[in-house]
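Student: I have a chain to go through with you. Can we take its strands and sheets one at a time?

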Amino acid sequence: MKLEIQIGKKSRVVELERDGQKWRAKLDGQPMEADVVEIAPHVVSVLLDGESHEIRVAAQPDGSLRLQAGLQEFTAEVIDPRAWSGRRHGALEVEGRQQITAPMPGKVVRLLVSAGDRVEAGQGILVVEAMKMQNEIRSPKSGTVERLLAKEGQPVNAGDILAWVD
């Protein structure tokens with residue numbers, strides 16, 4: 001799979017290839033030692049040249065990917081769509097009941113939907129503020145907001161369940 005990632009105004013090319021249980025990675029054509037393990041749906045742990053990173057991946061309605069690593073967020077575009085079957089329908093959308101969790105500790109500053117509301121994949125559910133930055137938490141699928149467990153002003157820890165979408 002070949003991804004083009006925008007970091008500010010700079011474009012980087014990441015190539016990933018599965019080799020049995022392991023992954024091979026290249027950044028701008030340079031090979032890197034990588035170990036990638038999916039630790040939860042849409043969350044991977046990446047050991048890259050000895051550094052550990054937890055990356056959350058969310059497909060956007062336009063077909064791009066939103067990658068969140070700690071407090072940094074990147075947008076990725078699939079360069080070779082044949083290498084990524086999730087691109088077939090324009091955007092990857094998960095199936096079944098999904099829990100929405102806090103990606104980092106912070107405070108819920110705004111609710112964008114209510115329980116019972118219909119949402120589209122990639123639509124904002126709520127906003128969490130962490131380290132003076134506001135992060136919109138989006139729905140991984142189209143469906144109905146089954147439960148909204150967060151309230152405005154509520155402090156949250158990384159991994160806290162904020163909502164359920166079915």
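Student: In what order do the strands of the open sheet of four run?
Tutor: This is a predicted model. The open sheet has four strands, with antiparallel pairing. Their order is E10-E17-E15-E12.

Student: Why is one side of E10 and of E12 left without a neighbour in the sheet?
Tutor: Strand E10 covers 98–101 and strand E12 covers 118–119. Both stand at the edges of the sheet, so one side of each is left without a neighbour. The reason is that each has a single partner strand.

Student: Which residue in E17 is the bridge partner of Val145?
Tutor: Strand E15 spans residues 143–148, and strand E17 spans residues 161–165. The two run antiparallel, joined by three bridges. In E17, the partner of Val145 is Val165.

Student: Turn to E5 and E6. Which residue in E6 does Val36 stand opposite?
Tutor: E5 holds residues 34–40 and E6 holds residues 43–48. They pair in the antiparallel sense over six bridges. Opposite Val36 in E6 stands Val46.

Student: Which residue in the turn of that hairpin has a positive phi?
Tutor: Two residues lie between E5 and E6. One residue in the turn has a positive phi of about 70 degrees. That residue is His42.

Student: How many helices and strands does the whole protein chain have?
Tutor: The sheet and the hairpin use strands numbered up to E17. For the protein chain, the count is zero helices and 17 strands.

Student: What share of the protein chain is buried?
Tutor: Buried here means under 20% relative accessible area. The protein chain has 166 residues. The buried share is 33%.

Conventions: Residues are numbered from 1 along each chain as its sequence is written. This is a predicted model: local features need pLDDT of at least 70, side-chain atom pairs count only at pLDDT 80 or more; totals for chains, interfaces and linings use all residues. Side-chain values use heavy atoms; hydrogens and water are left out. Two strands pair if DSSP finds at least two bridges between them. Buried means under 20% relative accessible area, exposed over 50%, partly exposed in between (1.4 Å probe, protein chains only).
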